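Q: Hey, got a minute to walk me through this model? I'd like to start with the charged pairs and then move on to the helices.

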Amino acid sequence: MNNTHLHVRLNSLGRAFALRFGGILCLLIGIGLSGCSLFNVDSETPDTDLLKKTILETDEVPSPNKQYDSSGKPIPEKLKLAGGLALGDTGNLAFTGESLSVVVKEMIESERWNSLRNIAILYPDIATKIMWGEGSNQLSSSQREVLARALDLQWTKGEQDTWQSFVQQQYNQGNAGNYLENRNRFLAFLQVNDTKSAFSLQLSKTAKKSNSQIAEAESLRLEGIAYLMNEDYENSIKCLSRARTLQEQTQPIQAAHTGLLLGEAFRHAEQLEQWQASWLTAIELQSSFAVDGNLKDPAFWSKAAFLRPVSTQWPAEVIGRLEHSLRNENLEFGFSESSIDEAVVWATIGIQSLKRHESQNSILAFKKSEALINGVSLREELQMQQALAMIDGGQQGPASAILLRLGSQPSLLGDRAKAILATLKLQNGSIAQGMNLLQSAIKTSSQWPVHERLRAQADYGLAYLMRGREEQGISLLNYVYDEFLKLQSYEDASQCLANIATYYEKTDQKAKHRIALKKLQSFEIR
């Protein structure tokens, strides 16, 4: 039999590895996204450094002393503040605006609309950066509009002032294009602490010419930051308050972030009650989207934790919403102590970072959460999540050490750990051993968190294919696909279909391959 490469994926994992399939060399390549380090501000950091880390969030910013076209394409060098600290240094994310633009371009060209929708759901912060010009040179005008529409469908409130209309104006009309150029120049001046030059651009006047509420709110937000840097707290509060009011009408996610900034302005102005009220409003708004809109915005919760007023507790309603989302991951807190509330927030950051494939962020957040609790079972659940994050980040050795310890227990948690260990065995080519271990563990899977159960079943289906048991493997992958679809877990559902199509392609079953491809294409346009 000739060697053939079979490109599929064990759904619990996202890294490349080789297996044997009935004598055929099978290369299983994951398409998961990689992640980097956690936004981590020490609580003892001086106020000025904390402010610098909080107020601006951009990877690269255009130099204020050069001319740019309406795309606002950033220059390559990294601008830093006095003391060498990069403004907005909130940790490396899964994507920059530039790298996400490349992914978006490929998805649009291949008409993978469900995958594009998933990008808008998982990375609204990075997609918004593209709207402001970061990496947008990778996209054509029509492609930018498609991404803007995906953002609007998921996150824009109402139809009066949308990202799609902003992008249409921005790249097709001179006045709006001038606004983007001035906005990026203003931001670049702030990066080098040159607020005088920034204000000379009269950004708000340019925004009014663009006839865009999004542009007006952004101008007020940036001017509010500039006033805050100048210690002109009165004008900073006025600008940030107006920006938040405008954003609440159409861009509530941005409004929550602006609310944290406004709280900082109140704090510096020693208006402590207003500081508390602004912080509470921001986290209440964001927590509602975390549950109702399935928003994954771990950077917001990191900043909210660091910027929490000292005398203010996390509201019970907010913690209740976050706990509700954590229960889906088998993380049950169920206490009302302040340290437990903080643990809930860091566990939320961990889960949200893991969903976004920002694995190192996730590991550190879970460790912070674990350090705040005493219950053995909950600590072990958090350790399980750490192991999953390690696997997502390619750290299989440390993950295996955790899973071996957890898997030695005769419990549901032990079976779940064994199922993941089984997948690692399959990765390393121990197909018989891995399949036996998975078969033993999966007996209790009806009591596992639903996504863990389905991913284990998908891995089991792939193991069947590796052993030459095509009927059982394909049947199980189709079942798991249907279940993921019901849960609106589009990335996992798409992976099941892609694995089936690739299996048929690499085993030279042309008719079945065409049918599988057609099903995958239909999935992407639904």
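Q: Which glutamate does arginine 379 form a salt bridge with?
A: Arginine 379 pairs with glutamate 370, and their closest N and O atoms are 3.4 Å apart. A salt bridge here is a side-chain nitrogen of Lys or Arg within 4 Å of a carboxyl oxygen of Asp or Glu. Bear in mind that this is a predicted model, where local features need pLDDT of at least 70, side-chain atom pairs count only at pLDDT 80 or more, and totals for chains, interfaces and linings use all residues. Residues are numbered from 1 along each chain as its sequence is written, and side-chain values use heavy atoms, with hydrogens and water left out.

Q: Is glutamate 370 buried or exposed?
A: Glutamate 370 counts as buried, at 11% relative accessibility. Its partner arginine 379 is partly exposed at 28%. The cut-offs are under 20% relative accessible area for buried, over 50% for exposed, and partly exposed in between (1.4 Å probe, protein chains only).

Q: Why would such side chains pair up?
A: Side chains of opposite charge can pair when their charged atoms come close.

Q: How many salt bridges does the structure hold?
A: There are 20 salt bridges in the structure. One of them joins lysine 418 to aspartate 415, with the closest N and O atoms 3.4 Å apart.

Q: Where do lysine 418 and aspartate 415 sit relative to each other?
A: They are both in helix α20 (residues 412-427), three residues apart, so about one helical turn separates them. Aspartate 415 is buried, with a relative accessible area of 11%, while lysine 418 is partly exposed at 22%.

Q: OK, which residues are linked in a network with Glu106?
A: Glu106, Arg112 and Glu524 are linked in a network of salt bridges. Within that network, glutamate 106 and arginine 112 have their closest N and O atoms 2.7 Å apart. Glutamate 106 is partly exposed at 36%, and arginine 112 is partly exposed too, at 25%.

Q: Switching to the fold: what does the secondary structure come to?
A: It comes to 25 helices and two strands. Those are DSSP runs, numbered from the N terminus: helices are H or I with at least four residues, strands are E with at least two. Buried residues make up 58% of the 526 residues.

Q: And what share of the contacts join residues at least 24 apart?
A: That share is 64%, among contacts between residues at least 6 apart in sequence. Contact means heavy atoms within 4.5 Å.

Q: Back to α20 for a sec. How do α18 and α20 cross?
A: The axes of α18 (residues 376-392) and α20 come within 11 Å and cross at roughly 10°. Axes are lines fitted to C-alpha atoms, for helices over the stretch in contact, and angles run from 0 to 180 degrees between N-to-C directions. The two helices are therefore roughly parallel to each other. On the scale used, under 35 degrees is roughly parallel, over 145 roughly antiparallel, 65 to 115 roughly perpendicular, and the rest oblique.

Q: Which residues of α18 and α20 meet?
A: From α18 you have Glu380, Glu381, Met384, Leu388 and Ile391, and they meet Leu413, Arg416, Ala417, Ile420 and Leu424 in α20. Those contact residues divide into seven nonpolar, no polar and three charged. In that scheme Ala, Val, Leu, Ile, Met, Phe, Trp, Tyr, Cys and Pro are nonpolar, Asp, Glu, Lys and Arg are charged, and the others, Gly among them, are polar.

Q: What about α4 and α5, at what angle do they pack?
A: α4 (residues 124-131) and α5 (residues 141-155) pack at about 140°, with their axes 10 Å apart. That makes α4 and α5 oblique to each other. Pro124, Ala127, Thr128, Ile130 and Met131 in α4 meet Arg144, Leu147, Ala148, Leu151 and Trp155 in α5. Here the split is eight nonpolar, one polar and one charged.

Q: Last topic, the backbone: what is phi like at glutamine 202?
A: Glutamine 202 has a positive phi of about 50°, although it is not a glycine. Glutamine 202 is found in the loop between α8 (195-200) and α9 (203-210) and is partly exposed at 43%.

Q: And where does glutamine 488 lie?
A: Glutamine 488 lies in the loop between α23 (470-486) and α24 (490-506). Its phi is also positive, near 60°, and at 55% relative accessibility glutamine 488 counts as exposed.
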